[in-house]
Amino acid sequence: MQTAWYDAPSHTAGAALAAAVKDADVRATGVLVRADDLSPASAAARKLGLTEGTARTLSASIEAADPPTIQAFWDQVVGAPLFPVRRLDEPRPLRNRIHVDVVRPSDEALRARGDREPSGPYGVMLADDEGNEVDLVPGDLVPGTTDWYALFSPMVHYPNAPAGFVTAVAELADAAGIPLRLDVRTEGLTIAGRKDAWETDPGFVVLARQIEGAAKDLGLRPDPASLRFVQFGIDASDVPAVRAFWAGFLGYEFDSRTDITDIYDPRDLNPVLFFQQLQEPRPQRNRIRFELTGRNPLLVTDPEGNEILAGT
């Protein structure tokens, strides 16, 4: 599968390209296309006057002594094979300095939890059999809406959404001046706002209701089962230094809210990172490692030894 980013001046311009392909992530500033053959997308982009830019995808992998068992745990928690598990080269018994938050609708979170008993300060932490931790957080409807779930990010999924609906959502977002993530797939459309958007932007719920109305006019019904929000936390002794490293390296921006350590991708393609004060030294390598797509990958470490396999 190949990917390509095309700069676009609006959601609506990006939706026009998404209508010509099967798999596209539409954002306020462009479109990420995924395909085995990018030639049709390139041709469609040229006709629309869109130029190809660059974008890299940030993901994470897990190293484990027993990859099949650990893979099964993470696939169940996330609800999809999002984190590839690779064989561990050496024992690493200490806790990771990187951990994962996964937020899913309440019913899905409870189902994924199974018979594991959560722990941690918020009562939502689960650990796989080798100690890799995840906060599996349940989420409920965004207040004032009927279709949207508050999964840190406000999200909704409409199966079998036609191209006309994607265009309608794009136009509503542009009119409201609110950036949305429109993930267009053959199975449907997933729409999301930025993290905490429904709490911090008073116009978001108004926009969400408009989108609900457009969906109802077309007879579309939401299906929350596939919704998930994923973010990564990094524990650091020197939070400002480590946070600055990751923001600069990834081209992320700082969240402007007081007492919030989040950094985020301005294109809204990659996951949010947040930073927490490390309570005790953990000198070993993490079993969770970031990966940034690109050619000629090099292993890079931040000031406290957290690794990323980054392509150039």
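Here are four short exercises, with worked solutions, on a predicted model.

**Exercise 1. Helix α5**

Work out which residues of α5 are buried, and where they sit around the helix.

*Solution.* Start with the helix itself: α5 covers residues 163-176, 14 residues in total. From first C-alpha to last, α5 reaches 20 Å, close to the 20 Å expected at 1.5 Å a residue. Next, pick out the buried positions, which are F165, V166, V169, A170 and A173. Now look down the axis: these buried residues fall within an arc of 140°, so they line one face of α5. That fits a general rule: an α-helix has 3.6 residues a turn, so residues three or four places apart point the same way. Then ask what that face meets. The buried residues of α5 pack against two helices, α1 (11-18) and α7 (204-217), and against the strands β11 (153-159), β12 (180-185) and β13 (188-193). Last, step off the end: G177 follows α5, and its phi is positive, near 70°.

**Exercise 2. A loop asparagine**

Find out whether N132 is buried or exposed, and which side chains it makes polar contacts with.

*Solution.* First locate N132: it's in the loop between β8 (125-127) and β9 (133-139). Despite the loop address, N132 is buried, with a relative accessible area of 0%. Now check its side chain. One polar contact, at 2.8 Å, goes to the side chain of N96, and another of 2.8 Å goes to the side chain of D128. Finally, leave out residues up to four places away in sequence and list what N132 touches; among them are I62, E63, W74, R287 and I288.

**Exercise 3. An aromatic pair across the chain**

Decide how the rings of W148 and F204 are arranged, and which parts of the chain they link.

*Solution.* The structure holds 10 aromatic pairs, and W148 with F204 is one of them. Their ring centres are 5.4 Å apart, with 85° between the planes. Over 60 degrees counts as edge-to-face, so that's the label for W148 and F204. Now place the partners: W148 is in the loop between β9 and β10 (149-151), while F204 is in helix α7, 56 residues apart. As for accessibility, W148 is buried at 0%, and F204 is buried at 0% too.

**Exercise 4. An aromatic pair inside one helix**

Do the job again for F245 and F249.

*Solution.* This pair is stacked, at 5.6 Å centre to centre and 15° between the planes. Both residues lie in helix α8 (residues 239-250), 4 residues apart, or about one turn. F245 is partly exposed at 21%, and F249 is partly exposed at 27%. To finish, zoom out: F245 and F249 belong to one aromatic cluster with F73, W74, F83, F232, W246 and F290.

Terms used:
Residues are numbered from 1 along each chain as its sequence is written. This is a predicted model: local features need pLDDT of at least 70, side-chain atom pairs count only at pLDDT 80 or more; totals for chains, interfaces and linings use all residues. Side-chain values use heavy atoms; hydrogens and water are left out. The expected span of a helix is 1.5 Å times one less than its number of residues. Buried means under 20% relative accessible area, exposed over 50%, partly exposed in between (1.4 Å probe, protein chains only). The arc is that of the directions from the helix axis to the C-beta atoms. Contact means heavy atoms within 4.5 Å. A polar contact is a pair of N or O atoms within 3.5 Å; within protein, one must be able to donate a hydrogen and the other to accept it, and residues adjacent in sequence count only if both atoms are side-chain atoms. Rings of Phe, Tyr and Trp (its six-membered ring) pair if their centres lie within 6.5 Å; planes under 30 degrees apart count as stacked, over 60 as edge-to-face and the rest as tilted.
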